[in-house]
Amino acid sequence: MKEARKRVGQGEGWTRVEVEVEAVNLCKPESFAVVGDDGSGDCQPGLGERAGALVFTGGLYVKSVDPRLGGWSGLRLGNGRGEFVALEDEGYLIQGVFIWGGSPSRLKSATNVSLGTLLSPSGVPLNSIGSGKAWSDAEGLASVHAHAPFEEGVFVSFEREGRVWKYPSVNGTISLVPQAIGLDNRAEITSCEYNGGLEALESVQGVGLIFICEDVVYESQTHDGGAGTGTSFFGAVRGWVYSGILDSDSEEQLSPFRYLVRDGLSPVAAAKVPGTQDILVLERTYKAGVGNTLRIRYISRATIREAEASDCIVDGSLVGELNPEVHYTDNFEGMDIVAGAAGGMEVVIVSDDNFNHAQQRTLIYSFSLDSTMLLPSSCMPAISFKAALQSGEPHQNTSSGWQLLLPIIFFLGLLAAAIAYVVHRRRKYMFQQMRGDDDIELQQDSQKGEGRRTAGGGGEDSTASPMLGEGTDGAVGEDEEQPSRS
């Protein structure tokens, strides 16, 4: 860790920034509070709270007197969870070191924070080109190789003037001068909304770069006002896989797919699940008077591959949700996943305060991920998607883990009850049939006996002895009526 602290923040163009870091809990908005080193505080829920497959393991509130620090929109961690790189949406990169501690391990602080201005390939600061954030609106961040941003460099995606650039590593730190990688002014990328471009970005070995538009709705069905207003809508946004960029032996190819959007939650970050080619996607929506709702979804490589090869729409399974009615949420836009201290996985998310320090905060939350609760993703057939658009009643798939299993269990219970009922009715029917046959036989025997009594002249004396077997019908009557013949 000492070596990491010495290395992070060094290099041309990087300057140290003084920050103040406070531990926070995952609280409701009205009870936001700073907590002690032991994780105690006056707000609940706190450490250990579960949100689907996620268990909260710590939170930080980062602030600084330096006006340049804010707007965190991307995050990548180094091996060991210590070193980190963050991205600002006004054209800056941030380097620093996270401090973890305690038992169980939790996120405790951040130190050695440095800031660097992103440059163009010709060395011009991006925030000095054009007007506003036209060229500096950096939104997506991905390590060239997983959890090695300082060794291999990073990819950065930009909104407005849509593009993806590579910022390489030089002598163990990230260069602020980028390399173009063939994703400048591509018609496909510029089809995203001007302020809703490439936010979800990840690099996956053996696959390539995966990136998804935030807001451009390929097709949508809108409720109560429309997309971008915090109202609920259902539709699909564009995404691509840029293969060959990580493998010099493969041809570079841009393959499109569609990503399903539910309840207006747009994809804003992506991160690879360690040891796989699968990803998690962070989704967010904002509604005035309510706040930010966040969801994290799991998507397998197989699902994206299926969507590339057909016209189905990628439908991620829900990992967890942060709801402003229960949790303290903000404009979270960055996420990464790394191996945890105990061999599990740690998901870390970071919020963009929009440089609105009076009303928003730069928050960093960490969660342990229970991978056994990850459910398979799917690819919604185009015909089902179109039917949902037309009906205005999209199929909901917002449950996670056991919540998804409840309706299945309920259905199986109903099915078992129905089968038991049918078996019971069948057995009852068969029993009644058997009893009916017995009654008919008894009735026939009774009728035969009655006939014999009639043939024998009637009367009680004509009744056959129960000791006589078959073949004696009528014999008793004859013997009784002929005693004098002897």
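These notebook entries record what I looked up in a predicted model of one protein.

**Entry 1. Overall make-up**

I began with the secondary structure and counted six helices and 27 strands in the protein. I then looked up burial: of the 486 residues, 50% are buried. The accessible surface came to about 22900 Å², and carbon and sulfur atoms hold 50% of that area. For the contacts with a separation of 6 or more, I noted that 59% are between residues 24 or more positions apart.

**Entry 2. Salt bridges**

I searched the whole structure for salt bridges and found 16. Side chains of opposite charge can pair when their charged atoms come close. I took three of the pairs in turn.

The side chains of Lys-133 and Asp-89 form a salt bridge, at 3.5 Å from N to O. Lys-133 sits in the loop between strand E8 (106–117) and strand E9 (138–143), and Asp-89 in the loop between strand E6 (83–88) and strand E7 (92–101); the pair therefore ties together parts that are 44 residues apart in sequence. I checked the cover on each partner. Lys-133 is partly exposed, at 23% relative accessible area, whereas Asp-89 is buried, at 3%. I also asked which residues share a network of salt bridges with this pair. Asp-137 and Arg-160 are linked with Asp-89 and Lys-133 in such a network.

Next I looked up Glu-214, which forms a salt bridge with Arg-284; the closest N and O atoms are 3.1 Å apart. Glu-214 belongs to strand E16 (residues 208–222) and Arg-284 to strand E20 (residues 279–287), so this pair ties together parts that are 70 residues apart in sequence. Both Glu-214 and Arg-284 are buried.

The third pair was Glu-321 with Arg-295, a salt bridge whose closest N and O atoms are 2.8 Å apart. This pair links distant parts of the chain, with Glu-321 in strand E23 (residues 317–322) and Arg-295 in strand E21 (residues 291–299), 26 residues apart. Glu-321 is partly exposed, at 24% relative accessibility, while Arg-295 is buried, at 8%.

**Entry 3. Strands E21 and E23**

The last pair led me to its two strands. How many bridges join E21 to E23? I found five, and the two strands run antiparallel. Within this pairing, Leu-294 has Leu-322 of E23 as its bridge partner. I noted that E23 is mostly covered, with five of its six residues buried.

**Entry 4. Helix H3**

I turned to helix H3 (residues 301–309), in which Arg-301, Thr-303, Ile-304 and Ala-307 are buried. Viewed down the axis of H3, the buried residues fall within an arc of 160°, so they line one face of the helix.

**Entry 5. Surroundings of Val-347**

Val-347 is in strand E25 (residues 345–351). Is Val-347 buried or exposed? Its relative accessible area is 0%, and Val-347 therefore counts as buried. I then listed its contacts, leaving aside neighbours within four places in sequence. Among them are Leu-54, Leu-280, Ile-296, Met-335, Ile-337, Tyr-365, Phe-367 and Leu-369. I also looked up the C-alpha separation of Val-347 and Val-55, which is 9.5 Å for two residues 292 residues apart along the chain.

**Entry 6. Positive phi at two asparagines**

I looked up two residues with a positive phi that are not glycine. Asn-112 has a phi of about 50° and is found in strand E8. Asn-112 is buried, with a relative accessible area of 16%. For Asn-171, phi is near 55°. Asn-171 lies in the loop between strand E12 (169–170) and strand E13 (173–174). At 80% relative accessibility, Asn-171 counts as exposed, whereas Asn-112 counts as buried.

**Entry 7. A nonpolar surface patch**

My last entry concerns the surface. Which residues form a nonpolar patch there? Phe-411, Leu-412, Leu-415, Ile-419 and Val-423 do, and together they hold about 460 Å² of accessible area. I looked up Leu-412 in particular. Leu-412 is in helix H5 (residues 402–455) and is partly exposed, with a relative accessible area of 47%. That value is over the 30% which residues of a patch require.

Technical notes: Residues numbered from 1 in each chain as written. Heavy atoms only, no water. Patch = residues over 30% accessible without salt bridge, like charges linked within 9 Å, V, L, I, M, F, W, Y side chains within 5 Å. Areas by Shrake-Rupley, 256 points an atom, 1.4 Å probe, with all protein chains shown as cover. Salt bridge = Lys/Arg side-chain N within 4 Å of Asp/Glu carboxyl O. Helix = DSSP H or I, 4+ residues; strand = E, 2+ residues; numbered from the N terminus. Buried < 20%, exposed > 50% of the residue type's maximum accessible area, 1.4 Å probe, protein only. Pairing = 2+ DSSP bridges. Arc of directions from axis to C-beta. Contact = heavy atoms within 4.5 Å.
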